[in-house]
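Student: I'd like a close look at a single part of this model, with enough of its surroundings to make sense of it. Could you take me through it slowly?

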Amino acid sequence: MMPPTGHYGEQLQDFLDGRLGEPERTRLAEHLAGCARCRRELEALRWVKEQALGGLPSEAVPPALAARLR
């Protein structure tokens, strides 16, 4: 369902992080093809995420911690 504003805003982060299920993901992808505003917002979110994660050391999560989190 299209948000009341006609733009996805908060759902863009979920889309970027792979947290949207179908059919929401497909619907948002189709919207992005025709909406420059949402594409710009998505690219800005992607840039922020890359910048934030780029400054962090990459370390594996210990298996015991990963199991506890699940």
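Student: Where is D17 found?

Tutor: Happy to help, and a word on the ground rules comes before the answer. This is a predicted model, in which local features need pLDDT of at least 70, side-chain atom pairs count only at pLDDT 80 or more, and totals for chains, interfaces and linings use all residues. Residues are numbered from 1 along each chain as its sequence is written, and side-chain values use heavy atoms, with hydrogens and water left out.

D17 is found in the loop between α1 and α2. Helices here are DSSP runs of H or I with at least four residues, strands are runs of E with at least two, and both are numbered from the N terminus. D17 counts as partly exposed because its relative accessibility is 28%; buried means under 20% relative accessible area, exposed means over 50%, and partly exposed lies in between, using a 1.4 Å probe and protein chains only. Along the sequence D17 and K49 are 32 residues apart, while their C-alpha atoms lie 9.7 Å apart in space.

Other residues help to describe this loop. R19 also lies in the loop between α1 and α2, and R19 is exposed, with a relative accessible area of 51%. Leaving out residues up to four places away in sequence, R19 touches Q13 and D14, where contact means heavy atoms within 4.5 Å. The C-alpha atoms of R19 and L56 are separated by 22 Å, with their positions 37 residues apart along the chain. P23 belongs to this loop between α1 and α2 too, and the peptide bond from E22 to P23 is cis, with omega near 5°. For background, most peptide bonds are trans.

Now look at what the loop's flanking helices contribute to the interior. The largest nonpolar core has 10 residues: Y8, L12, F15, L16, L20, L28, L32, C35, C38 and L42. By nonpolar core I mean a set of buried Ala, Val, Leu, Ile, Met, Phe, Trp, Tyr and Cys residues joined through side-chain atoms within 4.5 Å. Two or more residues of this core come from each of α1 (11-16), α2 (24-34) and α3 (36-54), and α1 gives the most, with 3 residues. F15 shows how these parts meet: beyond its neighbours within four places in sequence, F15 is in contact with L20, R25, L28, A29, L32 and L42. In general, nonpolar side chains tend to be buried together in soluble globular proteins.

On the far side of α2 comes its packing with α3. These two helices pack at an angle of about 110°, with their axes 6 Å apart; axes are lines fitted to C-alpha atoms, for helices over the stretch in contact, and angles run from 0 to 180 degrees between N-to-C directions. That makes α2 roughly perpendicular to α3, a label for angles of 65 to 115 degrees, whereas under 35 counts as roughly parallel, over 145 as roughly antiparallel and the rest as oblique. H31, L32, A33 and G34 of α2 meet A36, C38, R39 and L42 of α3 in this contact.

Finally, the whole chain. Its secondary structure comes to 4 helices and 0 strands. The radius of gyration is 15 Å, well over the 11 Å that the globule rule gives for 70 residues, so the chain is more spread out than a compact globule; this radius is taken over C-alpha atoms, and the rule is 2.2 Å times the number of residues to the power 0.38. Along the principal axes, the C-alpha atoms fill a box of roughly 45 × 25 × 15 Å. Of the 70 residues, 20% count as buried.
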